[in-house]
Amino acid sequence: MRTPLPYRRSFLAMTGVSTAAFVLGTGRAASAEDLEGGRLPADPFTLGVASGDPLPDGVVLWTRLAPEPLAPDGHGGMPRGSYAVHYEVAEDERFSRIAARGRVTATAELGHAVHAEVHGLRPGREYFYRFKAGGHLSPVGRTRTAPDPRSKVTAFRFATASCQAYYHGYFTAYQHMAAEDLDVVFFLGDYIYEYGITTANWRRQGQPLPPAPHNADVYTLEQYRLRYSLFRTDPDLQRLHASVPWVVTTDDHEVVNNYADDKDEYGTPSGDVLRRRAVAYRAFYENLPLRSTTRPHGPDLPLYRRLRWGSLADVDVLDTRQYRDFYPAGAVIDNAPERLDPKRTILGSRQEKWLYDGFRRSDATWNVLAQGVVMAAIDRDTGPGELYSNDQWDGFPANRDRLYAAMRRYDIANPVVLTGDVHHHIAIEHKADWKDPDSATIATELVGTSIGSDGDGAETDSYGPLWLANKHVKLYNARRGYLSCTMTPERLTSEFRTLPYVTRPGAPVNTLARFVTEAGRPGLIREV
Amino acid sequence: MNDHSTPAVGRRAALGLGLAVPVVGATALPARAADLRGPRPVRGLKAAGEIGRVKLTWDDRPYTPLVDHYAVYASRTPDFSTGPETLLGKTVYTSFKHDRLGGAAQEWHYRVVVVDAAGDRSRPSALVTGRSKESVAISGRPVATVGTFDHRSLEMALAPAGYAQIPRRFPNGADYLHGTHQPATDWPYIHPGPSDNWGGRKPYRYTFRFDLESLPAGELWLSIWLVDTHASLAGEIELALNDTGLGKVRLENGGTRGSLEGDATVPGTALKPSYVELALPRPALVAGRNVLTIDKNVGSWHVYDALGVFERR
């Protein structure tokens, strides 16, 4: 188990100087330059700190200045001016061995968010970081750089998380994740939900219902900003962000339920969907540790990217929402022949080309796809008929086949798909022929359940027989939790963690199942 | 150790802001020096009256600077100030529906302010005036009605949330005889469609029977007020009078809450009322018993406020 991070008080006690006198790394009195924008009357680090997208020589450090995080205008109680934010990265928790420091400017245009991209660090090691702004010090965060891309990595420890409907339950799963010695957390979509928070969906027992304006559906930038702020006030979420770098992608609820490119399910004109998408993507970028290469331009968010973890793993982080085609025949679930149109795409042509180019160059032991929606074929008709969800890869079978063809063409090693979206733990073997259980297994898909969405859940539910009727589905569970993985050159061990409840705080964590996927043998061997 | 400093960038340069363009028009407010910092005001603001609402539209604009939202202000008098007391709502779209105005015509005056991502505000737009259209349910002479035209479904059977009882209580839909039956027991607040699992995924027909001693001199109109519809699958209704087809009417997507809540007059409600009104062809009417059918063969549910036949005055 990891030791807890030092917080501000203990850090200042270690340094032996007062907050007012302390300037990062020096102990000298604050100068005018340090306080560009002026002194802030209250702690602006109420939303915590975070790191993400680790490279061998650096990470991106994040914070967002918000002395009043729930100010209704979405600006976190910040004045409109720009503020200097200093950051410092050290090799030790006492910040006695400084590795990097710098300054970035937080502007009102970006909601006073900070994305400090640090370079020049050493590969494959732990670092500590902190910020200072307006005369205030942030909590200390811990992060990690990626290994040298040529290095032999003995183990890669990561977890996946998705679907954190704050109003449906406590984020207790993050307490348990923070206690694991993880290198990276992959967040696979639905970091926020756009729905109004009301008595009808509020399930956090012992915590008062957030008042208006949180009761309204989210459309404007101020509403999206406020929604992120509300979710990020959760202490377990803040602690996990501060303890391990995150690599994030979106699903639909970062914008609106089941959107596809410029279409939603409500018949909203495309131009208006794009307006909503633009403010939603802006708030997403502002509130997560993303690099400047990911900064949105209007309604366009250049989100898909690749992470390399030594020679052990290439991780392709996909965007399965922004470029996808809409329902083939207007329905979410059907078996319309239009579903089979070879031109249909969930990734979009540019992302497909980028992905397959990456396959061509990959020499990693494992090839991981971190993405939003279930990729496996799942027939939802338990009788003789066939029904498929067009909200998942089943709505794009030609795109799925092109993906498999590219995997075969470039002979990529050990494909593993990490998925969120459906609020269930599901383990799936991808088959060469979905209708033939004896056909070759060609990939492994690990679907992690939700952090909070749908509340306590149960060991199974009414959808269980439907999923398990597909013989390539090897596990189904309807509790909340997360997926914890250890990847080595020989095997991937995936542990499906569950919590017995989330509507009350303090739930213990259980390991529902442990599977091993051996390198060179796709599929799932159940150990527990 | 490495030092990485990003020089501070003036916000005007960062945002690519140009000088604000003065609004052209007699009702535009004069620009002040302080206003020049904000985004360019809305242009092309137009108002179009519909039954129970005024629809506002305005010109689209580039994504830089990013619009946080458009703040829509309204007043019954034209000489109003934009402030919290006149704020009607906010939207990120380039249109806004000022709805739930009731069936009587109302005149309103509007201005729109742009708020950008930095929180800077534009000058208010030029003023426009809109007038909602009067419903025949208000202007006409009632001939036969079900329910009260008040943006509430509460007087209807099973309201406001008893939808699950529809398959048991009204397995064949509703069959309502004016003057004999009562809304509270005989006309369900909600009309399911074939997309509704709870309704058995089948079409439902609601029948409204009313008597005419003789054909009135004036034109008869049908008015249907809906409190809400399904948000993405409002579907369509198919209307017929005495077996004469009146056509299919595509319903507007609503807010979905209407299956659970019945009062669209509550401030901040998520319900989205809509209206269907059309003339009844005289040849289809008969002296004596008339039979109007409403079939929901496509889509999900809608929730009634009231419906009726009126003689246009």
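In this predicted model, Tyr110(B) touches a set of residues that lie more than four places away in sequence, namely Leu45(B), Ala47(B), Leu56(B), Val72(B), Tyr73(B), Ala74(B), Leu127(B), Val128(B) and Gly130(B). Tyr110(B) also belongs to the largest nonpolar core, which has 163 residues, and it is listed together with Val185(A) and Ala370(A) among those with the most contacts inside that core. Helix H5 of chain A, which covers residues 270-286, gives the most to this core, with 8 residues. Apart from it lies another core, of 47 residues, and its members include Met156(B), Ala159(B), Phe208(B) and Trp225(B).

**The two chains**

The table sets out the corresponding values for each chain.

| Chain | Residues | Helices and strands | Buried residues | Contacts (separation of at least 6) that join residues at least 24 apart |
|---|---|---|---|---|
| Chain A | 528 residues | 8 helices, 24 strands | 54% | 70% |
| Chain B | 313 residues | 4 helices, 18 strands | 46% | 78% |

For chain A, the overall dimensions can be compared with a simple expectation: a compact globule of 528 residues would have a radius of gyration near 24 Å, and chain A, with 23 Å, agrees with this. Along its principal axes, the C-alpha trace of chain A spans about 75 × 50 × 45 Å.

**Where the chains meet**

The contact between the chains takes 35 residues from chain A and 28 residues from chain B. On the side of chain B that touches chain A, the elements that give two or more residues are strand E1 (2-5), helix H1 (11-15), strand E4 (67-75) and strand E5 (87-91) of chain B. Of these, E1(B) provides the largest share, with 4 residues. Sorted by class, this side of chain B has 13 nonpolar, 10 polar and 5 charged residues.

**A sheet in chain B**

Chain B contains an open sheet of 5 strands, which follow one another in the order E10-E12-E17-E14-E15 with mixed pairing. Its edges are formed by strand E10 (174-177) and strand E15 (244-250) of chain B, each of which pairs on one side only. From one strand to the next, the twist averages 15 degrees. Strands of a sheet pair through backbone hydrogen bonds, and the sense may be either parallel or antiparallel. Within this sheet, strand E14 (residues 236-241) and strand E17 (residues 288-298) of chain B pair in the antiparallel sense over 5 bridges. The bridge partner of Leu241(B) in E17(B) is Leu292(B).

**Arg291(A) in its loop**

Arg291(A) has its place in the loop between H5 and strand E12 (305-309) of chain A, and this H5 is the helix that gives the most residues to the largest core. Is Arg291(A) buried or exposed? Neither term applies in full: Arg291(A) is partly exposed, because 17 other C-beta atoms lie within 10 Å, whereas a buried residue would need 20 or more and an exposed one 12 or fewer. When residues up to four places away in sequence are left aside, Arg291(A) touches Asp53(A), Val60(A), His115(A) and Glu117(A). Gly52(A) stands 239 residues from Arg291(A) in sequence, yet the C-alpha atoms of these two residues are 8.3 Å apart in space.

Note on methods
Residues are numbered from 1 along each chain as its sequence is written. Chains are lettered from A and ligands numbered from 1 in the order in which they are written. This is a predicted model: local features need pLDDT of at least 70, side-chain atom pairs count only at pLDDT 80 or more; totals for chains, interfaces and linings use all residues. A nonpolar core is a set of buried Ala, Val, Leu, Ile, Met, Phe, Trp, Tyr and Cys residues joined through C-beta atoms within 7 Å. Two residues are in contact if their C-beta atoms, placed from the backbone, lie within 7 Å. The radius of gyration is taken over C-alpha atoms; the globule rule is 2.2 Å times the number of residues to the power 0.38. Two strands pair if DSSP finds at least two bridges between them. Axes are lines fitted to C-alpha atoms, for helices over the stretch in contact, and angles run from 0 to 180 degrees between N-to-C directions. Ala, Val, Leu, Ile, Met, Phe, Trp, Tyr, Cys and Pro count as nonpolar, Asp, Glu, Lys and Arg as charged, and the others, Gly among them, as polar.
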